[in-house]
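I opened this one up to practise reading a model from the whole chain down to single residues. Here are my notes, in the order I looked things up.

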Amino acid sequence: MLKSRLVLLFVAGASCATAWGAPQGGPPAQTPAEEEGNELLELRVTHVRGTSVVVDRGANDLVRVGDRVFFRPREGGLQPGVVTQADERTAVVELQTTGFEAAPGLRGFVRIPNARVPAAPVRARRKPRANAVGEALADSKWSNADEDYRQGQPLLARVRPVRPEERPSEYSGRWYTTVDQIRSTEDDRTDAFYRVGGGLKIENFSGRGDRVQIDGELNYRNTDVPDDDDQRATRFRLDRFSYSWGGTRFDPTRVELGRFLHNGMPEFGVLDGAEWTTRTGGGDRFGVALGFLPEPDLDYETGRDFALSAFYRWVQDESERLSASVGFQKSWHDSNADRDLAVLNLSYLPDDGWSVISSAWIDIYTGSDGLKDRGPELTQALVNVSRSLGTDTLVGLRVSHVALPQLQRQEFVVPQPLDFVDAHVDRASVFARTDLSPRTRVRAEAGMWSDEEDSGGNAEAGVELSELLFEGSLFGLAAFGVNGQFSDAIGGRGYLRDWGPSGGWSLEYELANNDLVGFTSQNDDLPQHRIRVQWDHVSIEGWSVRLSLDTQVWDSEYSVLGSLHVNRSF
Amino acid sequence: MIPHRKAHTVSVLALLCLGVAACIAGGHDRARQRMWWSGLGPVLPHDTFPADCSLCHVGESWTELVDDFEFDHEAETGVALNGAHAGATCLRCHNDRGPVAVFERQGCGGCHEDVHFGRLGSGCATCHVEHNWYPVGQIELHRNTRFPLIGVHASTACRRCHPGAEVGQFVPTDTECVTCHLSDLQRATNPNHIGLGWTQNCDQCHQPRTWNNAEIDN
C-alpha cells in the first residue's frame, strides 16, 4: 500500500468518519464535528518548518491566531499546536510537543468558537464516506453540464471539462510472453506452448477523441503424444483491431468498427463488423451490430458466419443499481440461417451488501434444425447471488445450466448426435466465508451437478491463517470430497504463501485418493499427489513475472508443468 | 537435425527473442504516465482538494506532478487498489465514461471487457488475480465439475479438451472418452475395438493412470 505523503481531501468524509470513530487517547473528547462551544474544522499539514507547520486552512475559514489545533499522527493520539499566523487560505501552527515531527499530509482539526461562526459561515463540512458515493451519483452523474466561472466560485471547481478530442493523444498497453512446458512420463508425452502477444490502445488517435485498439498473439505449439494427435504449428491470432469513437459523458453515441468484442452485449461474441450504440438521457442504452463472427477457437476463422444483433439495456436510475437487458442475435452460416439467440440479463447491486447477477441464453429453433424441436430452449442460465454481512462475512449461491445449442458453425466440441439432443450440465452451489478474527478466515463450499446421464457433487472446507509463521504469510488447510462422473475423491490440501509489495511465492501440496467409478476391479484406487511451487515478481514500472512448477505424481507416473509468464504494461 | 526439429528450434528462438524484445521495447518511464497534461482538464473533481496546489503540481505549467507524488487510495477513498491497479494511472478509471462509482459497483466487469462472453459468470477472482491477470488454480477448480482431473488428465493442456481456451472460451466438453480419444479408438486394432463393438464405456477397461494398458476387470 502506498504510504500517503500528501493529503487530498478527495472523499474526506470517509477519512473523517474513520478518524473520529477510532479510539484515541488524550484530550479533548471527540465528537464528529463540533463540541460544546466550538466548531471543529478539519485541516491538513502542507509544509513543515522546523517546530511549526503550515496548514491548509486560513482566515477565510475563520481560523485566527491563538486557535488551538490538534493533529492526529498515524501512530495514534493527538498532538496539540497553536495558530501563530493566519493568512487568507493557510495558517502557521506552532507545535507544542517537543520531539513530535509532523509530516505533510498529517490530518488534524482546529477549534473555532461558535461565537465566531455567525459572522461568516464555516466552510461546508464534507459528507460522510458512507453517503459520498451515492450522493456523488445523485448529484453529478452524467449531468456535469458546462458552467462558466462565477464570482466566488473556487478556481478549481466545476470548470469546463476538457473533451477527449482536446487532449493529447496517448497510448497504453502491454506485452507478454508465456512459456508452458509439460512433460509426462506416461509414454513420454510432451506439450509445449509458447506465446508472445500484446495490446495497444491509442486514445484520441486522430484528434477527434477516437480510439484505436489492437490485440494479438503469436504462438507456437508442439504436442507430442503416442498417437496421431500430435500438433505442431505456429499461428498468429488477431484478437482485436478496432477503431471507435464516442460513448463518453459528452457523446452518448458510440461507434466501433473492425474486429472487437460486442460492447453492448458481450454475449454475442467477437465481431468483424460494426456496432452502433447510444445512451438515453435516463441512462438506458441500446444499439445494433452486424458483421461476421470469427469462430472462437485457436484459428479465429472468419467470413462464414454473418450476424445481425440488437440489444436494449434498461437501468432503474443513474446509479444502475437495478438493470435489465435483452438482446437478440440472428446468424447465418455459409448464407444458411443458423442461430436465433436471445439473451436476457438482470442485475441488482444495491448498497446493502446484496449482489444479484443473472443471465439467460435462449436459442430459438425454427423447425429446420433437425435434432432440436421447434421452439425456444434455454441453453445457458447463470444466477449468482451473494450477500455481504459486514466486512468479514460473505455467503452466496451459484446456479448454472448449460446445454449445447444446435449450430452449423464450429463453436463447441459436439458429442455424438444421439447424445447431443439432451446434453446438458446443471450445477448449484452454496459458499460462505467469514473472518473469525483479523488473521483467521474459514470458508466452505458445497455443490451439486447433474447432466443427462449422472449426477454428483462436491464439498470443500478450509481455514486460512494470516501472519501465522512470519509477516506477510498466509497458511491454509482445506479438505475436500468429490463425487464425479468417472471418479470419486477425498483429499486435503495445504499451502503457504508469502506476498509483499514486490511479489511473493507460494508452496502447495495436495493429496487426493481417487476411486475410479467405472472400473469395477479391486484396482480402482488412484492416489494422486500434487506439488506446486510459484514465484512472482511485480514492480511499479509495470513488470510482472511468474515462474511456476506444478508436479503430479500418481501410480508410477509423474508429470511436470513448468510455466514462465512475463508481462510488461505500459 | 531433422526438419521439424529445426523448425521447432527456430520458432522457439524467434518467439523468445520477440518476447524479450517486446517487453524491453514496451518499457517506458512509469513516471510518464503520471504526467498531468494541461489538456486533460479536471476530470477528477478538485473541489475538495487542499488549497495548496503545490502538494501535487510542480511549477507554473501544471503539466506534471511532484516527483514524490503518492496517493493512498485506500486511506483517502476507502477503496484499496491492489495488484496492477496500484500502478494504474488515475485516468484509467476516472475518465470520461462517467462516475467511477457506477463501474465499481459492477465489479471487474465495470471496467474490464468480458472476454468469456458472459459464460463464466461474474466471479473473475475465482480464476484471476489482480497483479497480472494470469489464471491460476485451474486443477483445483476443475474438482467442482463433473470431471475432476486425475491421472494424465491433470497434466494435459486446457486447450487439448477446450478448443476455445486460447480465446477465453471454456464451454463444457462432452465427457464421453471417445469425444477426445476417437483417434485412439480408431487405432486400437489389437484387439480391434471397433470390430468388436467396443466403442462405449472405455473406462471399464482403461484407467486414466495410463491409457495404453488396459486392465482386466476382476
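My entries go from confidence to strands, then to the core and a few loop residues.

**Entry 1: how far to trust it**

I'm reminding myself that this is a predicted model. For the complex, the predictor gives an ipTM of 0.78 and a pTM of 0.74. I checked chain B next, and its average pLDDT is 74, with 69% of the residues scoring at least 70. Which part of chain B has the lowest confidence? That turned out to be helix 1 of chain B (residues 3–25), with a mean of 63. Helix 4 of chain B (residues 138–142) is at the other end, with the highest value, 88. I also noted residues 26–42 of chain B, where the pLDDT is below 50. That stretch still has 37 contacts in the model beyond near neighbours in sequence.

**Entry 2: chain A overall**

I looked up the elements of chain A and got three helices and 29 strands. Chain A has 570 residues, and 33% of them count as buried. I then took the contacts in chain A with a separation of 6 or more: 47% of them involve residues 24 or more positions apart.

**Entry 3: strand 8 and its partners**

I picked strand 8 of chain A (residues 170–184) and asked what it pairs with. Strand 9 of chain A (residues 189–203) pairs with strand 8 in the antiparallel sense, over 15 bridges. As one example, I found A:S172 bridged to A:K201 in strand 9 of chain A. Strands 8 and 9 of chain A make a hairpin with four residues between them. In that turn, A:D187 has a positive phi of about 60°.

How many bridges join strand 8 of chain A to strand 29 of chain A? I got eleven, and these two strands also run antiparallel, with strand 29 covering residues 557–569. Across this pairing, A:V179 stands opposite A:L564.

**Entry 4: the nonpolar core**

In soluble globular proteins, nonpolar side chains tend to be buried together. So I went looking for the largest nonpolar core here, which has 21 residues. A:V83, A:V93 and A:V110 touch the most other members. Strands 2, 3, 4, 5, 6 and 7 of chain A each give two or more residues to this core. The largest share, four residues, comes from strand 2 of chain A. I followed A:V93 a bit further and listed its contacts outside its close sequence neighbours; among them are A:V53, A:V69 and A:V83.

**Entry 5: three loop residues**

Is A:D67 buried or exposed? A:D67 is buried, because 22 other C-beta atoms lie within 10 Å. I found A:D67 in the loop between strand 3 and strand 4 of chain A. Beyond four places in sequence, A:D67 is in contact with A:V83, A:V110, A:R111 and A:I112. A:V110 is 43 residues away along the chain, yet the two C-alpha atoms are separated by 6.8 Å.

Next I looked at A:N204, in the loop between strand 9 and strand 10 of chain A. A:N204 isn't a glycine, but its phi is positive, near 50°. A:N204 counts as buried, because it has 21 C-beta neighbours inside 10 Å.

My last stop was A:S335, in the loop between strand 16 and strand 17 of chain A. A:S335 has a positive phi too, near 70°, and isn't a glycine. A:S335 is exposed, though, because there are just 8 other C-beta atoms within 10 Å.

Notes
Residues are numbered from 1 along each chain as its sequence is written. Chains are lettered from A and ligands numbered from 1 in the order in which they are written. This is a predicted model: local features need pLDDT of at least 70, side-chain atom pairs count only at pLDDT 80 or more; totals for chains, interfaces and linings use all residues. Two strands pair if DSSP finds at least two bridges between them. A residue is buried if 20 or more other C-beta atoms lie within 10 Å of its own, exposed if 12 or fewer, and partly exposed in between; C-beta atoms are placed from the backbone. Two residues are in contact if their C-beta atoms, placed from the backbone, lie within 7 Å. pLDDT is the predictor's confidence in each residue, from 0 to 100. A nonpolar core is a set of buried Ala, Val, Leu, Ile, Met, Phe, Trp, Tyr and Cys residues joined through C-beta atoms within 7 Å.
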